[in-house]
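The following exercises are to be worked with the sequence and the three-dimensional model in view. Each task is followed by a solution in steps.

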Amino acid sequence: MADDLVPDFDIRKSIFMQFATHVVSHDWPNSDALNAELREVVMAREAEEGKNNFVRSNAGGWQSSGNLITWKEPCIDDLRRRIEKLVTNLLQELIRDMGKNRSFELYIDSWANINRSGDYNVVHTHPNCMFSGVYYVTRGNPDSGVPHGGLLEMLDPREAANYIQVTDTVLDARVFFENKPGRMLLWPSWVKHMVHPHVGEGERISIAFNVNVRERT
Ligand SMILES: [Fe+2]
C-alpha cells in the first residue's frame with residue numbers, strides 16, 4: 001500500500017528549533033500604584049538631571065543616567081525585584097532539563113526613558129551583556145491613527161531572515177510589542193530593536209535594563 005510508505009506522523013517529534021531566540025513578555029499584575037510612583041520618580045529625576053544629558057539610542061526624548069537601579073525610592077526596589085524574578089525564572093526554565101540545581105548572580109544596569117511626541121529610538125542592540133529588557137510605566141495618549149506609534153519592534157538579525165513566504169508565524173522577521181503599562185519584556189541583548197515615534201500627547205515612559213549573569217560555583 002502506498003500509504004504504508006507515506007504514513008501520517010507527528011511533525012512535532014521531528015522539528016528541532018535551532019538558533020532559538022527567547023523573547024519574554026510578562027504582564028505584572030497590581031501595577032497601577034507602582035507605575036504612578038515610578039512615573040513621579042522618573043519625572044522628578046528628569047527635572048533634576050536636565051534634558052538630554054545621556055544619549056544612547058534615543059532620537060529626541062530623555063534618558064536618565066545608568067544607575068537607576070541604585071536609586072533609593074522604594075518603587076525602584078520593587079522594580080528591581082520584578083526584573084530579578086523574571087530573569088531568574090527564565091534562567092531556570094532554560095536549564096530545566098539538565099537535571100541539576102544551578103544558581104546565578106545577576107548584575108543589573110538600568111535607566112529611564114521619556115519619549116514625548118515625535119521622539120523615537122533608532123535600531124540598536126545592547127552590547128556587553130546577556131539579557132536586555134524594558135518595563136512600561138505609562139504609554140501617554142498615543143494618536144490611534146498612527147501605525148506602530150510608540151511600539152517596540154524587534155528585527156531578526158540573521159542575514160536573509162526575511163526570505164519568508166508565509167507570514168504571521170514564529171518565522172516573521174519583524175515583531176511588534178505594545179507598550180502596555182505593567183508589561184516587562186526580556187530578550188537576548190544581541191536582538192536588534194527600535195522604538196517607533198510616540199505621536200500624541202503625554203509622556204511615553206519606560207525603564208530599560210541590561211543584565212549580566214554569573215553562575216555561582
Ligand atoms: Fe534598547
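**Exercise 1. Locate Arg-102 and describe its surroundings.**

Solution. Arg-102 lies in the loop between α3 and β4 (104-115); helices (H or I, at least four residues) and strands (E, at least two) are DSSP runs, numbered from the N terminus. The model is a predicted one, in which local features need pLDDT of at least 70 and side-chain atom pairs count only at pLDDT 80 or more, while totals for chains, interfaces and linings use all residues. Residues are numbered from 1 along each chain as its sequence is written.

Next, establish the exposure. A residue is buried if 20 or more other C-beta atoms lie within 10 Å of its own, exposed if 12 or fewer, and partly exposed in between, with C-beta atoms placed from the backbone. Arg-102 counts as exposed because it has 12 C-beta neighbours inside 10 Å.

Finally, list the contacts. Two residues are in contact if their C-beta atoms, placed from the backbone, lie within 7 Å. Not counting residues up to four places away in sequence, Arg-102 touches Ile-95 and Glu-215. Arg-102 and Thr-217 are 115 residues apart in sequence, yet 8.3 Å apart in space, C-alpha to C-alpha.

**Exercise 2. Describe how helix α2 and helix α3 pack.**

Solution. Begin with the geometry: α2 (residues 32-49) and α3 (residues 74-94) pack at an angle of about 120°, their axes 9 Å apart. Axes are lines fitted to C-alpha atoms, for helices over the stretch in contact, and angles run from 0 to 180 degrees between N-to-C directions. The angle therefore makes α2 oblique to α3, given that angles under 35 degrees count as roughly parallel, over 145 as roughly antiparallel, 65 to 115 as roughly perpendicular and the rest as oblique.

Then identify the residues. From α2, Leu-34, Glu-37, Leu-38 and Val-41 make the contact; from α3, Cys-75, Ile-76, Asp-78 and Leu-79 do so.

**Exercise 3. Derive the strand order of the open five-stranded sheet and trace its pairing.**

Solution. The order is β2-β5-β11-β8-β9, with antiparallel pairing; two strands pair if DSSP finds at least two bridges between them. At the edges stand β2 (58-59) and β9 (174-177), each with a single partner strand, so one side of each has no neighbour in the sheet.

Now proceed along the sheet. Two bridges join β2 to β5, and Ala-59 has Tyr-120 as its bridge partner in β5. Strand β5 (residues 120-124) is joined to β11 by two bridges, where His-124 is partnered by His-193. Four bridges join β8 (residues 152-155) to β11, and Leu-155 has Lys-192 as its bridge partner there.

Lastly, consider the faces of β11 (residues 192-195). His-193 and Val-195 form its covered face, whereas Lys-192 and Met-194 form the uncovered one. In a regular strand the side chains alternate between the two faces of the sheet.

**Exercise 4. Which values of phi are found at Asn-30 and Asn-128?**

Solution. Most residues other than glycine have a negative phi. Phi of Asn-30, however, is near 55°, a positive value, and that of Asn-128 is near 65°, also positive.

Then place each residue. Asn-30 is in the loop between β1 (24-27) and α2, and it counts as exposed because it has 7 C-beta neighbours inside 10 Å. Asn-128 is in the loop between β5 and β6 (131-138); with 8 C-beta neighbours inside 10 Å, Asn-128 counts as exposed.
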